[in-house]
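Work through the exercises below with the structure open beside you, and try each task before you read its solution.

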Amino acid sequence: MFLPTTPEELRDLGWSQLDVILITGDSYVDSPFVGVSVIGQWLLKAGYRVGIIAQPDAVSGRDITRLGEPALFWGVTGGCIDSMVANRTASGKRRREDDFTAGGINLRRPDRAVIIYANMIRRWFKETKPIILGGVEASLRRIAHYDVWSQSVRRSILIDAKADLLVYGMGEKTVLELAARLKEGQAVSDLRGLCYAAAEKKSETRELPSYEEAAADPAAFTEMFLGFYRNQDSLTAKGLCQRQDSRWLIHNPPQFPLTETEMDAIYGMDFERNLHPHDALSGKVRALETIRFSIPTHRGCYGECHFCAIAVHEGRTVSSRSETSILREAERLASLPDFKGYILDVGGPTANMYGIECKNKLLRGACPERRCLFPTVCASLRPDHGRQISLLKKLRRIDGVKQAIVASGIRYDLVLADRKHGKSYLREVIRHHTSGQMKIAPEHSEERVLECMGKQCRDSLLAFRDLFRLLTTEAGKEQFLTYYLIAAHPGCTKEDMEALRRFASRELAIHPEQVQLFTPAPSTISTLMYHTERDPFRGRKLFVDKTASGRELQKKILVAKKAHLRYGICGNTQTTKKEEEGSWVRIKTSKKKPRRNLPKH
Ligand code: SF4
């Protein structure tokens, strides 16, 4: 069932008051891929009466007051994506489209949605129940963090929103314990996965440099961020505290990863997998096209790419569902009247981490100073894709399923490191589980840039490309690799983009059309590099292009159709005045002197 969203729906359920009211910056889609609906359904399953208000009007009290006041707490999230990332480009331009808003026009979610919604609750309900922040925006902004949109280090969002508590990470366990304790009137300050503000610092916590120090000094910010980042494993993390103005932010250790049984219980809930009828009046939600017929198999990622926030939000430990639970969900999908036979994705943050985890990590926690996949795959990981092969085979035997596609990104270094089943896994995916294109994420080709990204060198990419070609030919299919590439990452120059263009053309035989422009999202290592202009591990100074024109230029170098439409291209070493200024101009690229410069773009 959908959670109630209006007084009429409350009446239909015979509920006079809700225990919990959830506010979200997205339209209300009830799906296992949408955090607010997972939390809402999880609380409902435990016996709490939960309602949801999606994208409330930010000016009037019309929406925020419509379900009354909850008996236990308010839960506030910006939605599936940080509201600033969803609403604005890194240079601050407003994005017009929104995949999580009904109708697709980006008009319903305010900037800094979590702060706005918390303030709205305070405005319309003076002495109200606790306001608890959660979701990606709150989680990634839980301590002092660099915010590119204000070009400043900001306080914890808990302090800025004047909220009572903040649940970080994947919140099911913490929220359930929280609800039970609040119901019984018990203290909650020892709960894992929780942040709160206090007048005193907590004993036995590690003190990070204060907000003021981190804001004033990049070296203190680096010390603060690394202290935070290295204390995110539930088995080894210490509690943290950070002075923010006159108060202390207390950051309890992370919640334990879910067991297989807990994962099955959560993903086995009966989601509607649809947009709430009330929101559907405004049009379709584009994200639903992909997630409606997709199956999440696991969560967490030990890839630790520096530009990605998953390690800080979902954690470095992969929790997987059982095969039985996934197959049951596939059967349920196949029975839906509008199912056309295609499961559009079977995966997680990285598709092929399902069922692969390090035994040492599960016993003793993730290594604080070592990476599981970088610079090479750790010998202790012992990847084995056997379980995934078995799952895929069973999925395609289900009545009504024509194809179960692995659309999530595949980590090719993991495939290559699995000597026993890596090749068979890839063969299986190529033969039966791609839509013709397989997505992988080399992100770049140049070693210095890859090092800044925390990605493996290009040798493993080339080895994978060869294996892919071999197995595709063997299968008698015409299939392609699709590559995710990033421009303007810290450490990346326009010469690096030129080299990437040459590499893509020569080695991958592609002309990239879609390239992601690096966005410094809160609380990633790459954002730390962007802000401080230093490599935090090697201490060396980094080139970081922060100008809108320079960043766009890096992208254009890669995607421009013709060489002569690019800027500063190889073959023409002559530097014009405009080049020095970093402008992008059409410039002739023959070895001869350029004949003319066309107007700026
Ligand atoms: S031993 Fe290796 S695979 Fe295991 S947690 Fe440490 S770095 Fe990761």
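**Exercise 1. Which side chains meet in a salt bridge with an N to O distance of 2.5 Å, and is each partner buried or partly exposed?**

Solution. Begin with the pair itself: in this predicted model, the side chains of Arg-538 and Asp-535 meet in a salt bridge, with 2.5 Å from N to O. Next, take the accessibility of each partner and compare it with the cut-off, which calls a residue buried when its relative accessible area is under 20% and exposed when it is over 50%. Arg-538 has a relative accessible area of 38%, so it is partly exposed, whereas Asp-535, at 1%, counts as buried. Salt bridges can also share partners, and in this way Asp-57, Arg-62, Asp-63 and Arg-66 are joined into one network.

**Exercise 2. How many salt bridges does the structure hold, and which parts does the pair Arg-94 and Asp-111 tie together?**

Solution. The total for the structure is 45 salt bridges. One of them is formed by the side chains of Arg-94 and Asp-111, at 3.3 Å from N to O. To see what this pair ties together, locate both residues: Arg-94 and Asp-111 each lie in the loop between α3 (83-87) and α4 (113-124), so the salt bridge links parts that are 17 residues apart in sequence. Then check the accessibility, which is 37% for Arg-94, a partly exposed residue, and 22% for Asp-111, which is partly exposed as well. A further salt bridge brings together the side chains of Arg-181 and Asp-190, at 2.6 Å from N to O.

**Exercise 3. How many residues of helix α22 are buried, and against which elements do they pack?**

Solution. Helix α22 covers residues 525-532, and eight of its eight residues are buried. Going along the helix, these are Ile-525, Ser-526, Thr-527, Leu-528, Met-529, Tyr-530, His-531 and Thr-532. The elements that these buried residues pack against are the strands β6 (145-147) and β7 (152-154), together with the helices α9 (218-229) and α19 (447-453). Finally, look just after the end of α22, where Glu-533 takes a positive phi of about 60 degrees.

**Exercise 4. In what order do the three strands of the open sheet lie, and which are its edge strands?**

Solution. The order is β20-β21-β22, and the pairing is parallel. The edge strands are β20 (437-443) and β22 (516-517), since each of these pairs on one side only. Turning to the pairing in detail, β21 (residues 480-487) and β22 run in the parallel sense and are paired over two bridges, and Ala-487 stands opposite Leu-517 in β22.

**Exercise 5. What lines the largest cavity, and what lines the second largest pocket?**

Solution. Start with the cavities, of which a search of the whole structure finds five of 30 Å³ or more. The largest cavity has a volume of about 80 Å³, and its lining includes Thr-297, Val-346 and Tyr-425. Helix α16 (386-395) and strand β18 (345-347) each give two or more residues to this lining, and α16 gives the most, with three. Sorted by type, the lining of the largest cavity holds seven nonpolar, three polar and no charged residues.

Now turn to the second largest pocket, which has about 730 Å³ of space and is lined by 37 residues, with Tyr-229, Gln-232, Asp-233, Ala-311 and Arg-316 nearest its centre. The largest share of this lining, three residues, comes from helix α13 (residues 310-313). By type, the pocket lining divides into 16 nonpolar, 10 polar and 11 charged residues.

How values were computed. Residues numbered from 1 in each chain as written. Predicted model: local features only at pLDDT ≥ 70, side-chain atom pairs only at ≥ 80, totals over all residues. Heavy atoms only, no water. 1 Å grid on protein atoms, 1.4 Å probe; cavity = no way out; pocket = protein on both sides within 12 Å on 5 of 7 lines; lining within 4 Å. Points joined across faces, edges and corners; volume = space filled by probe spheres on them. Helix = DSSP H or I, 4+ residues; strand = E, 2+ residues; numbered from the N terminus. Nonpolar A, V, L, I, M, F, W, Y, C, P; charged D, E, K, R; others polar. Salt bridge = Lys/Arg side-chain N within 4 Å of Asp/Glu carboxyl O. Buried < 20%, exposed > 50% of the residue type's maximum accessible area, 1.4 Å probe, protein only. Contact = heavy atoms within 4.5 Å. Pairing = 2+ DSSP bridges.
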